[in-house]
Amino acid sequence: MTTRPPATTRLFPLQTRVIHASAGMRLRVVSGRLWLTQPNMAQDLFLGPGAVIDLLQDWVVIGADAEPSNTPQAYYSEYQL
């Protein structure tokens, strides 16, 4: 039996999503730069490629930075859950 890698989700600059992760999820940044706003956390987090964070609550807002990359070919940020 083979294991598939997690699906990659793409966010365009300033696009956001709400993640409900009370059952627990691991987020890995594939490309670009993402910011996370989590309930009851004093500060937002900014994450770049290769960053991994365990999410353990609902209503986590994840968004793509306005400028995801220094290269003109990358107009989006990507992550895996």
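Two strands pair if DSSP finds at least two bridges between them. Strands (E, at least two residues) and helices (H or I, at least four residues) are DSSP runs, numbered from the N terminus.

The model is predicted: local features need pLDDT of at least 70, side-chain atom pairs count only at pLDDT 80 or more, and totals for chains, interfaces and linings use all residues. Residues are numbered from 1 along each chain as its sequence is written, and side-chain values use heavy atoms, with hydrogens and water left out.

**Exercise 1. State the secondary structure of the protein and its pattern along the sequence.**

Step 1. The protein has zero helices and eight strands.
Step 2. Along the sequence the pattern reads β-β-β-β-β-β-β-β.

**Exercise 2. Describe the open sheet that contains β3 and β6, and the pairing of these two strands.**

Step 1. The strand order is β1-β8-β3-β6, and the pairing is antiparallel.
Step 2. β1 and β6 each have a single partner strand, so each stands at an edge with one side left without a neighbour in the sheet.
Step 3. From one strand to the next, the twist averages 30° (axes are lines fitted to C-alpha atoms, and angles run from 0 to 180 degrees between N-to-C directions).
Step 4. β3 and β6 run antiparallel and are joined by four bridges.
Step 5. M25 has its bridge partner in β6, namely L55.

**Exercise 3. Do the same for the open sheet that contains β4 and β5.**

Step 1. Here the order is β2-β7-β4-β5, again with antiparallel pairing.
Step 2. The edges are β2 (16–19) and β5 (45–47); each has a single partner strand, so one side of each lacks a neighbour in the sheet.
Step 3. The twist averages 25° from one strand to the next.
Step 4. Three bridges link β4 and β5 in the antiparallel sense.
Step 5. The bridge partner of W35 is F46 in β5.

**Exercise 4. Which residues of the largest nonpolar core touch the most other members, and which strands supply the core?**

Step 1. A nonpolar core is a set of buried Ala, Val, Leu, Ile, Met, Phe, Trp, Tyr and Cys residues joined through side-chain atoms within 4.5 Å. Buried means under 20% relative accessible area, exposed over 50%, and partly exposed in between (1.4 Å probe, protein chains only).
Step 2. The largest core has 15 residues, and I19, L27, L34, L36, L47, L55 and I62 touch the most other members.
Step 3. At least two residues of this core come from each of β3 (25–31), β4 (34–37), β6 (52–55) and β7 (60–64).
Step 4. β7 gives the most, with three residues.
Step 5. Leaving out residues up to four places away in sequence, L55 touches I19, A21, G24, M25, L27, L36, Q38 and V60; a contact means heavy atoms within 4.5 Å.

**Exercise 5. Locate L14 and N40, and decide whether each is buried or exposed.**

Step 1. L14 lies in the loop between β1 (8–11) and β2. L14 is not a glycine, yet its phi is positive, about 70°.
Step 2. The relative accessible area of L14 is 63%, so L14 is exposed.
Step 3. N40 lies in the loop between β4 and β5. N40 is not a glycine either, and its phi is about 65°.
Step 4. N40 has a relative accessible area of 80%, so N40 is exposed.

**Exercise 6. Give the buried share of the protein and the share of its contacts that join residues at least 24 apart.**

Step 1. Of the 81 residues, 28% count as buried.
Step 2. Among contacts between residues at least 6 apart in sequence, 68% join residues at least 24 apart.
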